[in-house]
Every structure is written in structure tokens, then in C-alpha cells.
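The following exercises concern burial, strand pairing and backbone geometry. Each task is followed by a worked solution.

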Amino acid sequence: MKKEKVSALNIKKSKIVNSILSDKRRMILAVAVIVIVPVLLIIAFGIGGDTGTYEYQMNEIRRTAFAGSTYNEIVGDMQKSSPLPIYAVFVSVSDGESAAKVACATGKNLTQAWDAAFKRGKSTVNKYRIKTKWVRVDVVNSTDIVNEETLRGKYLKEHQPNAFRYGIAFDDDYDTAVLAEEINAHDIIDYKDGNTFSLNRLNAYL
């Protein structure tokens, strides 16, 4: 991760206020398609159930994520990006019918981030009483810190509608962050207004 000093952004009650883009403060943009290493994106199907199903599926995915070649690829990419990387792990959980709920956590290494994300995902399952059918895990392996101008010019302009490929975090702890799938599914990019990032739609989703 390209680790630069990032000023804290104005975030209130998990909603992003309009000043974030207008004053061109810096944001973190996960440039490595949070769709990163394909093996980590395998959807683990279950028979439906409670946290027990969730735990089983997460353990199955973890075995792939921490397998030699996959683990080395993730860690290698992170170490190339920054001498002091922050690992971010997203966990998406669904009953197969409703939109997935997403939990995210970070850590100084992949194990720490994974364990924290595992706990948040389990809390999400309990909170929303999800009868788990599938679980998906996304791991960030590269980031780029950009301002509004770069976000608009380099990332938002060059993609097909509803096919944005990057996740976006508005703070370096990923407390407010969205996956590419969330951005596309909730029309957070306004294609009628020159592919601009719509804070109103983002706020509505959050």
C-alpha cells in the first residue's frame, strides 16, 4: 500500500458529508480491483443456517486464502506497495435472496485483518439474523491515494456503466469504505452527470 500521510476526512454517523469531494481533500482509492486474487472470490455455498454455517464457510475460504501461493501473492503485492502496509479484508454475507451485508476490518498483517473481519462478519450475521447461504471474501492488495480530480479523470471516466472495478475508502482505517459491487449495485456513480461520484446516493446507501 502506498502509505502517505492522509488527513482525516469529515465523516459523521457513517455518512459522508458533501464537503469531502468539494474541498478536494485526499481519499484512499483501492486500485487493485478489490476483486484481487480470484481464489479468494469463490462463493462458498451453504445449506442456510446461523453463525455455524458462516463459520464453516469462512474456515473453508481461509484455507484457500492462506494456502502457500495465494498467501504469498497477497503479501508480496502488499509489501511491494508499501513497507508498512495496512491489510483490509471485506466479508459479504447473504441468505441468497436479499442483498449481501458487508463487514470490513483491517490489521497490520493478513492474519490480524482476517480474524477481525471474521468477528465483524459474525456480528453482522447475528445483528441481521442472516440465514447464511453464501459468503464472499475480498482482500485489498494495493491502494492508491487520490484527490477528486484524479478520481474523476483517471478512474471514473474510463469504464462502462455499472462496471466500475475499484473499491473506495474515505479513511485510512476503512471505517467508511465500499466495494465495487456496492458502488455498481446502488448506482453511486451518476452516469448522467459525466460519470461523477454521487455523494447523495452514497449517503442514501450508507
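**Exercise 1.** Determine whether the two faces of β7 are covered or open.

Solution. On one side, W134, R136 and D138 are all buried, and on the other V135, V137 and V139 are buried as well, so both faces are covered. Buried here means under 20% relative accessible area, exposed over 50%, and partly exposed in between (1.4 Å probe, protein chains only). In a regular strand the side chains alternate between the two faces of the sheet. Strand β7 spans residues 134–139, and 6 of its 6 residues are buried. Helices (H or I, at least four residues) and strands (E, at least two) are DSSP runs, numbered from the N terminus.

The model is predicted: local features need pLDDT of at least 70, side-chain atom pairs count only at pLDDT 80 or more, and totals for chains, interfaces and linings use all residues. Residues are numbered from 1 along each chain as its sequence is written, and side-chain values use heavy atoms, with hydrogens and water left out.

**Exercise 2.** Identify how β5 and β7 pair.

Solution. Strand β5 (residues 87–94) runs antiparallel to β7, with 6 bridges between them; pairing requires that DSSP finds at least two bridges. Within this pair, F90 stands opposite D138 of β7.

**Exercise 3.** R129 and N195 each have a positive phi; is each buried or exposed?

Solution. R129, in the loop between α4 (110–127) and β7, has a phi of about 50° although it is not a glycine. R129 is exposed, at 75% relative accessibility. N195, in the loop between β11 (189–190) and β12, has a phi of about 55° and is likewise not a glycine. N195 is buried, with a relative accessible area of 13%.
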